[in-house]
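Hello,

Here is the structure I promised to pass on. Please open it and keep it beside this email as you read.

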Amino acid sequence: MTSCKPTSTNKEEHLRKPDWLKIKLNTNDEYKGLKKLMREKNLHTVCEEARCPNIHECWGERRTATMMILGSVCTRACRFCAVKTGLPNELDLAEPERVADSVAIMNLKHVVITMVARDDLKDGGAQVLAETVRAIRRKSPFTSVEVLPSDLGGLQENLQILMDAKPDILNHNIETVRRLTPRVRARAKYERSLEFLRLAKEMQPDIPTKSSLMIGLGETHEEILEVMDDLRANNVDIMTIGQYLQPTKKHLPVKKYYSPIEFGKLRKIAMEKGFKHCEAGPLVRSSYHADEQVNAATKERQLQAEL
């Protein structure tokens, strides 16, 4: 197992980023055009708000983006996340149509719709998220839609509202191992996330479910395997595994940088455990190469549209 030498002896040791975490910037016309469109439509993306390391690849090369709805202020203060925390603004009921217009303008094959946690709302934001899925369906019927919600307060009726809109993929992140969940995730619970994924599959058995794990927060190898087993026990189809990167000095420090070889081994284990697809790598995030993970029926629908 590879580790990097600390550069200080403070309370929390600071690890120097290894060479494999260097990011290639690509501010070409595609990147600039997409950024301009986001500002014109007053849209938020998790790519920007969460400081995703893949933003230049996705925007500049693949022309894909993960839209973040329900505002840019989250009601939770997770210690790994760079999204602003505080009191959210009032609901923007025109947002679903605005997002759908942007998806149509960009002519996307696949779009990921995520959200800030809205614990101030009775439905956790489920209705607006469901309306966004439906609006995209109306305006871009051949675009596959992946949703990445919070746990919606852990209420089954809220999840039902979302699943009734029939997204192509339901993605809900477990984020970290069981032991570290109380320290890493604000208000969220490990078992509640597993139940959320299990219920989603029961409500719509044909819709693939997906979850993401960050590593580098102090988890053990055995704990990583436990997460894999727990996800498979709840019929999760797709898993992504990525390196945790500390957004600011106020957030949790990185305890370990995993090498690309270690990620490759974890991907192999995940596939052996029965996941239909697994992306694993230092810069992998929940929506990384998400367009490659839609099911065969959706891909066939897209192919017919191109003929």
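**Strand 9 and its neighbours**

Strand 9 spans residues 238-243, and six of its six residues are buried, which leaves the strand mostly covered. Please bear in mind that this is a predicted model.

Which residues of strand 9 sit on each side? Ile238, Thr240 and Gly242 are on one side. Met239, Ile241 and Gln243 are on the other. All of them are buried, so both faces of the strand are covered; buried here means under 20% relative accessible area.

Now look at the pairing. Strand 8 covers residues 209-215. Strand 8 pairs with strand 9 in the parallel sense, over six bridges. To find one of the bridges, start at Lys210: its partner in strand 9 is Ile238. Strand 10 covers residues 277-281. Strand 10 also runs parallel to strand 9, and five bridges join the two. Here, Thr240 stands opposite Glu279 of strand 10.

How does the chain get from strand 9 to strand 10? The chain crosses through helix 10, residues 260-272. This β-α-β crossover is right-handed. Strand 8 and strand 9 belong to a right-handed β-α-β unit as well, with helix 9 (residues 221-233) as its helix.

**Two residues in helix 8**

Next, go to helix 8, residues 190-203, where you will find Arg198. Glu202 is in helix 8 too. Their side chains make a polar contact of 2.8 Å.

Is Arg198 buried or exposed? Neither label fits: its relative accessibility is 29%, so Arg198 counts as partly exposed. The cut-offs explain this, because buried means under 20% and exposed means over 50%.

Both residues also have a partner further along the chain to look at. Arg198 and Val236 are 38 residues apart along the chain, and their C-alpha atoms are separated by 7.6 Å. Glu202 and Asn234 are 32 residues apart along the chain. The C-alpha atoms of Glu202 and Asn234 are separated by 9.8 Å.

**A buried aspartate**

Where is Asp168? Asp168 is in the loop between helix 6 (156-163) and strand 7 (169-171). Its relative accessible area is 7%, so Asp168 is buried. The side chain of Asp168 makes a polar contact with the side chain of Arg137, at 3.1 Å.

**The annotated cysteines**

Last, the cysteines. An unreviewed UniProt entry carries the annotation "binding site" for Cys74, Cys78 and Cys81. That label comes from the record, and such annotations may be inferred rather than shown by experiment.

Cys78 is in the loop between strand 3 (73-74) and strand 4 (84-85). Cys81 is also placed in the loop between strand 3 and strand 4. With a relative accessible area of 25%, Cys81 is partly exposed, because that value lies between the 20% and 50% cut-offs.

What do these two cysteines touch, leaving aside neighbours within four places in sequence? Cys78 is in contact with Val184, Arg185, Ala186 and His251. Cys81 is in contact with Pro247 and His251. His251 therefore appears in both lists, where contact means heavy atoms within 4.5 Å.

Best wishes

Conventions: Residues numbered from 1 in each chain as written. Predicted model: local features only at pLDDT ≥ 70, side-chain atom pairs only at ≥ 80, totals over all residues. Heavy atoms only, no water. Helix = DSSP H or I, 4+ residues; strand = E, 2+ residues; numbered from the N terminus. Buried < 20%, exposed > 50% of the residue type's maximum accessible area, 1.4 Å probe, protein only. Polar contact = N/O pair within 3.5 Å; in protein donor to acceptor, adjacent residues only side chain to side chain. Pairing = 2+ DSSP bridges. Right-handed = clockwise from strand over helix to strand, strands pointing away.
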